[in-house]
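Reader: I've got a model open on my screen and I'd like to learn how to read it residue by residue. Can you walk me through a few features?

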Amino acid sequence: DVLQPAIHDQSLKIMGYEYTGIAAQIDSIQAYFNFNMELQKDEFRNALFPAHQPIYTKVRDDMPARYNNEGKASNSLIGNGCIIEGTVINSVLFRGVKVAKGAVVKNSIIMQDAQIQEGAEIDHCILDKSSVIRRNGRLIAPAAYPIVIAKNVVI
């Protein structure tokens, strides 16, 4: 209603712009999950976030991620403020996530301030903010149907 008259009377100059970079249509849980898993590939991440075009985000002054002697992470993106005492494999951890001793996180997306308590195991899960997987809990799903845990839920 606003643009059409302006285009018609030529008071606005509307042009197209060709974008040849990475784009995704995230219209389902599966699409969201798959896109985040792609971020673990260097070539994908570098194409999405080129060094000459920095992305600025909300600042949360926090310490860098900490790993204790048993803490291990491989092929994962780990945000500031995370505490890794267990094992993280092929996962994306947002800021402030805690993975306790003996816990295993695989192929998962863990949002801000969530906790995976001692001995818990998750695979193909998406945990929203401040959710908690209790001690020795187990959530394992197939790649085609990741388990989604809502914000502030304790399981």
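Reader: Which residues is H124 in contact with, leaving aside its neighbours within four places in sequence?

Author: Keep in mind that this is a predicted model. Contact here means heavy atoms within 4.5 Å. By that rule H124 is in contact with F33, K106, N107, S108, A141, P142, A143, P146 and I147.

Reader: What does the side chain of H124 have a polar atom 3.2 Å from?

Author: A polar contact is a pair of N or O atoms within 3.5 Å. For H124, the partner is the backbone oxygen of A141, 3.2 Å from a polar atom of the side chain.

Reader: Where does H124 lie, and is H124 buried or exposed?

Author: H124 lies in the loop between strand 11 (121-123) and strand 12. Buried means under 20% relative accessible area, so H124, at 14%, counts as buried.

Reader: And L127, is that one buried or exposed?

Author: Same way of reading: L127 is buried because its relative accessibility is 0%. L127 lies in strand 12 (residues 125-127).

Reader: Which residues does L127 touch, not counting those up to four places away in sequence?

Author: L127 touches I109, I110, M111, I116, I122, I133 and I149. As for L93, 34 residues apart from L127 along the chain, the two C-alpha atoms are separated by 9.7 Å.

Reader: Now the surface. Which residues make a nonpolar patch?

Author: Patches are built from residues with over 30% relative accessible area and no salt bridge. Here V2, L3, I7, L12 and I14 make a nonpolar surface patch of about 480 Å². One of them, L3, lies in helix 1 (residues 3-8).

Conventions. Residues are numbered from 1 along each chain as its sequence is written. This is a predicted model: local features need pLDDT of at least 70, side-chain atom pairs count only at pLDDT 80 or more; totals for chains, interfaces and linings use all residues. Side-chain values use heavy atoms; hydrogens and water are left out. Helices (H or I, at least four residues) and strands (E, at least two) are DSSP runs, numbered from the N terminus. Buried means under 20% relative accessible area, exposed over 50%, partly exposed in between (1.4 Å probe, protein chains only). Patches are made of residues with over 30% relative accessible area and no salt bridge: like charges are joined within 9 Å, nonpolar side chains (Val, Leu, Ile, Met, Phe, Trp, Tyr) within 5 Å. Accessible areas come from the Shrake-Rupley method with a 1.4 Å probe; for residues, only the protein chains shown count as cover. A salt bridge is a side-chain nitrogen of Lys or Arg within 4 Å of a carboxyl oxygen of Asp or Glu. A polar contact is a pair of N or O atoms within 3.5 Å; within protein, one must be able to donate a hydrogen and the other to accept it, and residues adjacent in sequence count only if both atoms are side-chain atoms.
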